Amino acid sequence: MSKQKARATNAQLTGLYKPEAVKDVAESLNITGLSDAIASALASDVEYRIHQVVEEAGRFMRHARRTTITTSDIDQALRVLNIEPLYGHFPHNPPTFRRAPPFPQAPSVGTVYFVEDEEIDFDRVIREEKITMPKGVNWTAHWLAVEGVQPLIPENPPAIPRDIEGEPSGIKREPSTARPGGLFPPTPPSSDRPSPMQGAKKQQQPLVKQVLSRELQLYYTRLTSSLLPPSSDDTKRNAALASLRNDAGLQALLPYLVRWVGEGVVNALKGGVQTDNDGRVLGVLLDVIGAILDNPTLFVEPYLHQLLPPILSTLLHSTLPPTYATYLRTTASQILSRVLRQHSTTYPSLSPRIMKTLLLALISPGKSKGTREGAIRGLMGVGKEAVRKGLVEGGGAKVVGSECMPGEQSPVVDSVIAALKVLHPPSSHPLPLNTYADTDQPLITQLQETLGEFFAEQLLFDRDWAAGILSGSSEPS
Amino acid sequence: MSAITPAASTPGPEAASPATASQDANASASSIDRQILEYLRARGHKAAEQALLESLEQGGTPDENKAGPSSTISTDDLVKKLAIITQKSTKPGDSSLKDASTVLSEMVAIGNSVNIQNLVSSIGNVGAEDILSLDPGDKQEGYRELEAWVEGSLDMYRPEFRPILFPIFVHFYLDLIQHGFKDAALKFFADYSASLAPAHSATLHHLSTLHLPTHVQNDELAQRFRNEKYTIRMSRSGFSLLIGWLNEGIGGESLGSGVGFAGEKGKRGRGAIMRVVNNHLKFDVTSAPGTSVSAESWEESSGLLSSLIPQTAGSTTYDPMAFNAAKGQLKLGPAPVPEDLQHETERVVREQSMVDRDPGAQYDLHYARPVPPPGVVLPSQSDLLPHPPSFRTVDVKREVEKIRDARKRIRLDPSALSTANLSAAHGAAARSRAIPSICAYTLHDVGEGAPCVTFSQDTSLMAAGFSESYVRLWSLKGEKLKGLRSDFQTSSITGAKSLRKIREKGGSTTRKLIGHSGPVYSVAFDPVGGSAVPPKYLLSCSADATTRLWSLDTMTNVAVYRGHQNPVWDVQWSPMGVYFATASRDRTARLWSTDRASALRIYAGHLSDVDCVRFHPNSLYLATGSSDWTARLWDVQRGSCVRVFIGHQNIVSTMAFSPDGKYLATAGEDLAINIWDIGSGRRVKKMTGHTASIYSLAWSAESSVLVSGGADWTVRCWDAKSSGGPASKSNQNGMIVNGYGGEENGITKEHDELPSIETSDLLATFPTKRTPIVNVQFTPRNLCLVAGPYLSPEQR
């Protein structure tokens, strides 16, 4: 307001209404030769009258509880001043004034404002113009303050507008009932995930950043510290895992937990040589993933793409600590199978993607035995069909077999055998294949073709098993 | 109170009125001749004649470089010189007032020649004073000197001297305009208005629109400056310093300044100031030392006061305090409740507590007879506006509900907040006890604006008046608002049942009341039902100069009250219903009864629009806020003004009485909220913090918290009981801005950036999203309701 005033007083010095304008008007009325003195006196008077009207209109503006004068205010002012109102100006559709740059021939005139004369194309108007009825006035109610605290709801403005973009604003945006403790990173920008709770008010979601409450922050710190080996014993860890498995209300923590797991796995696997400690960490992390998947109150689906890499990394990593390798791979494959079981229906592309990864790890040349073993265990986790596809049809067994020394006993071989057992259970009373019998010859050839020399050897002792694997029938004959 | 007497070194004629001067000038030549002869015979001034002639031949003294009016240059110059000579010839130290005739005769006596005679006759109808004040350079020079003197004065006097600048500036400007020196006036305005702008922007802006002598003559404000004395409060020592400076050109300033202004030019500039001081200023000289005149008391005691204060017959007071004191004591206690109604109420409360088996309810009786606040005079039944002698069921219901409200009320006590450590756990508890919960009702898709919104006391209804000339009613409880059908026979109605039958079918939760032909500026629900039953009537006032009464049973307009000649700005029910008051642009407030078509009382006296009107809770008094920057308190029955509240520096836009009846809060366009002690008429404190117009004020039921809403899209809570004053620490008022602790860095930083205008009694600020708060209201149980129209950003 004071700004307006200042502008007004500044303009005052030169005079808003120029004597030239008076002369122009006079000429338009066929009065020529108006003297300068008269023109300037008239201009002063016109200006005074205009100010009078504006001052009066200001009262109407004030009482209408507005801060801009509208044409209706001027209209009312003219009315009470007993002047004929100006017709044709409606407050509904305020004219937009355009500014013309100063005219070079007459710089003294200054900038000129004019109402743009809009050209209306009737054809277009008739064809396109839609008359929209304005909605009637309606009202909404919301809490502006509850017991002296302004709730952070979309109806209220954000607390400190200038800090919205600021990174550490998370603290300030908390209600003051929770004193900010440690600095907690705001929700990662990548996770604008639709959670069931937020799905309801999806439009409002971008307006309000989700911020972890103090309690959750505390929970998170305690949880992560009690899970990791250096500072934890088994009871503590089990309690933490149990809490993770069963407690409700952890949805807000999920992105952080997923990220924490991911980073933990990457850290554990990063160093080339694995220690037993790394193995323990990996085991715990797998347990955490398992617990997250177990928790019925958590909505994990949006985070699967972040959860899978740690699982698959553990499963397919070439050099896991030897004492833990089998355990880790087995656990990982079990988790994988659980993920698939729970989510492949809602997430149809999940199992093909995993299959592809596993098959690549199994078949493509140059992979270590550890990776192969992991892939086989993974396939076992995915299911029997996957094992068949990988080992038998995809020639996985042949590849693994060609890499093994004859008579070798290694985890890979064990895993292949285990996988084959999944494919078809070995018979309780194995009847060896007769290498020399004509009847068995085609079977042996087929066995060698599909599984390779190495594993064909291993299956020779059980005729039914071998036949079952080859035929694909699961029922022992 | 003392009037200034012109001192010796200033020319005498300034005291002469032009009328007498011209009279004398027109006197016949023969009488002048006779006078001259007589004078010469008496004194024999040969030397003076000689000196005059010499100086006439010299020509070109520095003063004459200024351009005079073009047509009469020679004569004017002559007169100017004459004036100087007159001055010289006057003996220094002569303090007697010279009237025009002696001056003229003296002048004539000095120059006893034909051309002097011609000169005297040519003076014509132009007074000597006018000629002396014609030179625009004097004003510039004089004002510049005065400003330099004020700014150069000792620190202790400076705040005292500053207020002098404004009236002198105004009169100089008006003088220049009146004598047709438009360019000089504009230049003067441009040069010197900047330093006055912060405190007087509204007045300055108005003055800047005056350009022609006729404007000055017709403009109201200019005429007030011309005809009234501008009162300035000063300490005795400051006043004598000012006199000294005006006389001698020195005094009061610190060393070094003031040198170089001496001389003829400076003297004439001071002369011009002296003229204004003599003619238009009035000094209220206090015996108190200068330092005790605070900025606040300056607001209350300077300005064009004489017409703002209602004049009692004969005596003229310039001091609002004196006027308020003269009006005696007021009866500010709560209105008495008739004994039989009180008994009935207590009986009902007792019965209900039996029925409800509510053990707490038996304490309700304690609320039935509230103890009046100490130190107030209780009005008697006969002092109240006449009401029907017997009470009705609705009265009992209202009183019973009042008791229940008093029990269930959320108690707000901000005093706990000042002592509580906010970071501690109980800080939050203290805050919840100090600051009310606020529920905001936002109107959407409002076309041209909603000038007013109000809630019924039982919060079942909300009404809004719109610029589009209609009133809209909403049921906040989601009930359907049904009027009566228009096609029924009055004879067919026998009871409540048949009445229900003629109700409209269907209906919705909102209802449009159409009748006005101009923007609706205020709406008010009748208070008879209190918070117990929904209101039966609604009043609305509009720019079409009418007030309308709407029945909420039939949903129709049942009465129109005409009488005001101009838009009606505000309407308010008396606390007991039946009567209501309106405020209008025609500078009056009026009292009406719903059953009369014409006004019962007219409260006239404001110098400009009456912008708002409020009833005292006991209905004995009526407060009006006006565009003449004052608020007044009227005796409702007698129609006389009993208090005047001067101190706002702009229009008073809204007011609120505290429920205990002792205080009045007023808010103005100067963005300040003042709290006045009604009994003494003194300002208790001034609270600032809003950054745009304040539209509405409301007190909590205990009179402890004041809530305000305004055009800056905020709702602010104020501690009405604390002493206030400017915030000592910047983060103290950031205490709970937006509900966050002030100790957090972000907030203190924000406050350090801009100089804080917030006083320390601002408890909390709650911003809204682009919603100017048009109405703020407390429910009887201390829940705060605010309402305003949402302004969508694309709307200009």
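## Salt bridges and a few surface details

Across all chains, this structure holds 33 salt bridges, each one being a side-chain nitrogen of Lys or Arg within 4 Å of a carboxyl oxygen of Asp or Glu. This is a predicted model, where local features need pLDDT of at least 70, side-chain atom pairs count only at pLDDT 80 or more, and totals for chains, interfaces and linings use all residues. Residues are numbered from 1 along each chain as its sequence is written, chains are lettered from A and ligands numbered from 1 in the order in which they are written, and side-chain values use heavy atoms, with hydrogens and water left out.

Let's start with the charged pairs. Side chains of opposite charge can pair when their charged atoms come close. Here are three pairs from chain B.

| Residue 1 | Residue 2 | N to O distance |
|---|---|---|
| B:Asp191 | B:Lys187 | 2.9 Å |
| B:Lys331 | B:Asp383 | 3.0 Å |
| B:Glu401 | B:Arg781 | 3.4 Å |

B:Asp191 and B:Lys187 sit four residues apart in helix H10 (residues 182-192) of chain B, about one turn of the helix. Helices (H or I, at least four residues) and strands (E, at least two) are DSSP runs, numbered from the N terminus. B:Asp191 is partly exposed at 38% relative accessible area, and B:Lys187 is partly exposed too, at 48%. As for the wording, buried means under 20% relative accessible area, exposed means over 50%, and partly exposed is in between (1.4 Å probe, protein chains only).

What does the pair B:Lys331 and B:Asp383 tie together? B:Lys331 is in the loop between helix H17 (320-326) and helix H18 (339-356) of chain B, while B:Asp383 is in the loop between helix H19 (364-368) and helix H20 (393-408), so the pair links parts that are 52 residues apart in sequence. B:Lys331 is partly exposed at 30%, and B:Asp383 is partly exposed at 22%.

With B:Glu401 in helix H20 of chain B and B:Arg781 in the loop between strand E28 (775-778) and strand E29 (784-789), that salt bridge ties together parts 380 residues apart in sequence. Is B:Glu401 buried or exposed? At 15% relative accessibility, B:Glu401 counts as buried, whereas B:Arg781 is partly exposed at 28%. There is also a network: salt bridges with shared partners join A:Glu56, A:Arg59, B:Arg585 and B:Asp609.

Now for helix H13 (residues 220-227) of chain B, whose buried residues are B:Ala222, B:Arg224, B:Phe225 and B:Arg226. At the start of H13(B), a side-chain oxygen of B:Asp219 comes to within 3.1 Å of the backbone nitrogen of B:Leu221.

Two residues stand out for their backbone angles. A:Asn30 is not a glycine, yet has a positive phi of about 70 degrees. A:Asn30 lies in the loop between H2 and helix H3 (36-63) of chain A and is exposed, at 72%. B:Arg587, also a residue other than glycine, has a positive phi near 70 degrees. B:Arg587 belongs to the loop between strand E13 (579-584) and strand E14 (588-593) of chain B, and is partly exposed at 30%.

Last comes a nonpolar surface patch on chain A, made of A:Val25, A:Leu29 and A:Ile31, with about 270 Å² of accessible area together. Patches take residues with over 30% relative accessible area and no salt bridge, joining like charges within 9 Å and nonpolar side chains (Val, Leu, Ile, Met, Phe, Trp, Tyr) within 5 Å. Accessible areas come from the Shrake-Rupley method with a 1.4 Å probe, and for residues only the protein chains shown count as cover. A:Val25 lies in helix H2 (residues 19-28) of chain A and is partly exposed at 40%.

Key
Polar contact = N/O pair within 3.5 Å; in protein donor to acceptor, adjacent residues only side chain to side chain.
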